[in-house]
Amino acid sequence: MDVLVIGAGVCGLTTGICLAEAGLSVTIRTAAPPERTTSVAAGAVWGLVRVGPPDRVLDWGRTGLEVLSKLAAEPDTGVRMASGKEVSRTRLEPHYWTELLPGLRMCETSELPDGFTSGWHYTAPVATMPVYLNYLRARLERAGGRLEVSPVRSLAEQAGAAPVVVNCSGVRARDLVPDPAVVPVRGQVVIAANPGLEEFFINRDEEPPWITYMFPHGDTVLLGGTNEEGNWDEEPKPFIAERIVAHCAAIDPRLRGVTILGHRVGLRPCRPEVRLESEPFGSVFPSGPPQGVLWHNYGHGGAGISLSWGCAAAITAALM
């Protein structure tokens, strides 16, 4: 084994794929299979949300936008190009990172729901996460990578397991590293039968811990959501689900009385800045020299899907 990757969310899988396709022998070790990671609860439209620093984020995000746009043209990836809008009841300017979206334009007043005064419309890659995660796992295995469901209790225990260890543990990095700068931001969403929505919708009003968004995925629609900082609870709460549906239905009446198909909760791994860096790691003797290298790749906030390919490419380039 050349590389051990810790974590099988979207960042861990993507890192494993890039390294395996570069010719390295890769094993991913994870406490839960991909379909039970935080990544499955994502919306998931390309966007650089709750993440920094801006300069590095733009670079990684540009790579992610290019790769995801190409995947949207391939069958069975779960990725497609979708159009939609972000709106607000107050005047807002587009995010700094929307400069990467060539088709972005400001909304006409007639395009805005009642009560909203500004917004922008654009087209970007959107992933149906259960399908996308299955695609990533299959691609990893086609490249010769392996996935082991085995909890990692400490980084020190992995020293010597491989010459290179990549820490993609997401919010668990808070205890695993440990890194107190990592904070969970709980997101709960509702999966419902789609009554006819074709475009995604994101309300950018500042109303923590609530945020309203709708992401249609064919016959289903993902409704959100929450931004509960510091909340580690991964169990869906019925009263929160009811409020999510009510908030969405207040904007789009087609969602009134919608059939509920499921619930998901994810813990966004938020940090002031993404940690993408390496350090010497492990030794044969307690006082001996390091025998390997440890790469950290976590703290992607609400932009894991968007940044995963760029961060994985950076690690691969450094190792090859």
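This is a short tutorial dialogue on reading features of a predicted model.

Student: Let's start with the cysteines. How many disulfides does the structure hold?

Tutor: The general idea is that a disulfide is a covalent bond between the sulfur atoms of two cysteines. In this predicted model there are zero of them. Take C18: its nearest cysteine sulfur belongs to C311 and is 10 Å away, and C18 is in no disulfide.

Student: What about C168, and why is there no bond to C11?

Tutor: The C11 sulfur is the closest cysteine sulfur to that of C168, but the gap is 6.4 Å, which is too far for a bond. A pair has to come within 2.5 Å to count as a disulfide.

Student: Are C18 and C168 buried or exposed?

Tutor: Go by relative accessible area, where under 20% is called buried. C18 comes out at 15%, so it counts as buried. C168 is buried as well, at 9%.

Student: Now the sheets. In what order do the strands of the six-stranded sheet lie?

Tutor: Reading across, the order is β6-β2-β1-β7-β15-β14; the sheet is open and its pairing is mixed. The edges are β6 (146-149) and β14 (275-281), each of which pairs on one side only. On average, neighbouring strands are turned by 20 degrees against each other, ignoring direction.

Student: Can you show me one pairing up close? How many bridges join β14 and β15?

Tutor: Seven bridges, in the antiparallel sense, with β15 covering residues 292-298. To see one of them, find P280 and look across to V293, its bridge partner in β15.

Student: Which helices pack on this sheet?

Tutor: One is α1 (residues 10-21), which touches β1 (3-6), β2 (26-30), β6, β7 (164-167) and β15. The direction of α1 makes about 170 degrees with that of β2. Another is α6 (residues 304-319), touching β7, β14 and β15, and its direction makes about 165 degrees with that of β15.

Student: How do I read a helix like α1, starting with its length? What span should its 12 residues have?

Tutor: Here's the general picture first: an α-helix has 3.6 residues a turn, so residues three or four places apart point the same way. For length, allow 1.5 Å a residue, and α1 should span 16 Å; its end C-alpha atoms are 16 Å apart, which agrees.

Student: And how many residues of α1 are buried?

Tutor: 11 of the 12, so α1 is largely enclosed by the rest of the structure. Among the buried ones are V10, L13, I17 and L19, and also C11 and C18 from our cysteine talk. Just after α1 comes G23, with a positive phi near 105 degrees.

Student: Which residues other than glycine have a positive phi?

Tutor: Two cases to look at are R50, with phi about 55 degrees, and D76, with phi about 70 degrees. R50 sits in the loop between β2 and α2 (54-71), and D76 in the loop between α2 and β3. R50 is partly exposed, with a relative accessible area of 36%, while D76 counts as exposed at 67%.

Student: Let's go to β8. Which strands does β8 join up with?

Tutor: In a regular strand the side chains alternate between the two faces of the sheet. Here β8 (residues 183-193) is mostly covered, with nine of its 11 residues buried. It runs antiparallel to β13 (residues 260-270), joined by 10 bridges, and V190 stands opposite H263 there. β8 also pairs antiparallel with β11 (residues 220-226) over five bridges, where V189 has G224 as its partner. Two bridges join β8 to β12, again antiparallel.

Student: Where are the cis peptide bonds?

Tutor: One runs from V177 to P178, with omega near -5 degrees, and P178 lies in the loop between α4 (173-176) and β8. Another joins G224 and G225, with omega about -5 degrees; G225 is found in β11.

Student: One last thing, charged residues. Are K85 and E228 buried or exposed?

Tutor: K85, in strand β3 (residues 79-88), is buried at 14%. Its contacts further along the sequence include E111, W120, H121 and E199. E228, in β12, is buried at 16%. The E228 side chain makes a polar contact with the side chain of R186, at 2.8 Å.

Methods
Residues numbered from 1 in each chain as written. Predicted model: local features only at pLDDT ≥ 70, side-chain atom pairs only at ≥ 80, totals over all residues. Heavy atoms only, no water. Buried < 20%, exposed > 50% of the residue type's maximum accessible area, 1.4 Å probe, protein only. Pairing = 2+ DSSP bridges. Helix = DSSP H or I, 4+ residues; strand = E, 2+ residues; numbered from the N terminus. Axes fitted to C-alpha atoms, helices over the stretch in contact; angles between N-to-C directions. Contact = heavy atoms within 4.5 Å. Expected span 1.5 Å × (residues − 1). Polar contact = N/O pair within 3.5 Å; in protein donor to acceptor, adjacent residues only side chain to side chain.
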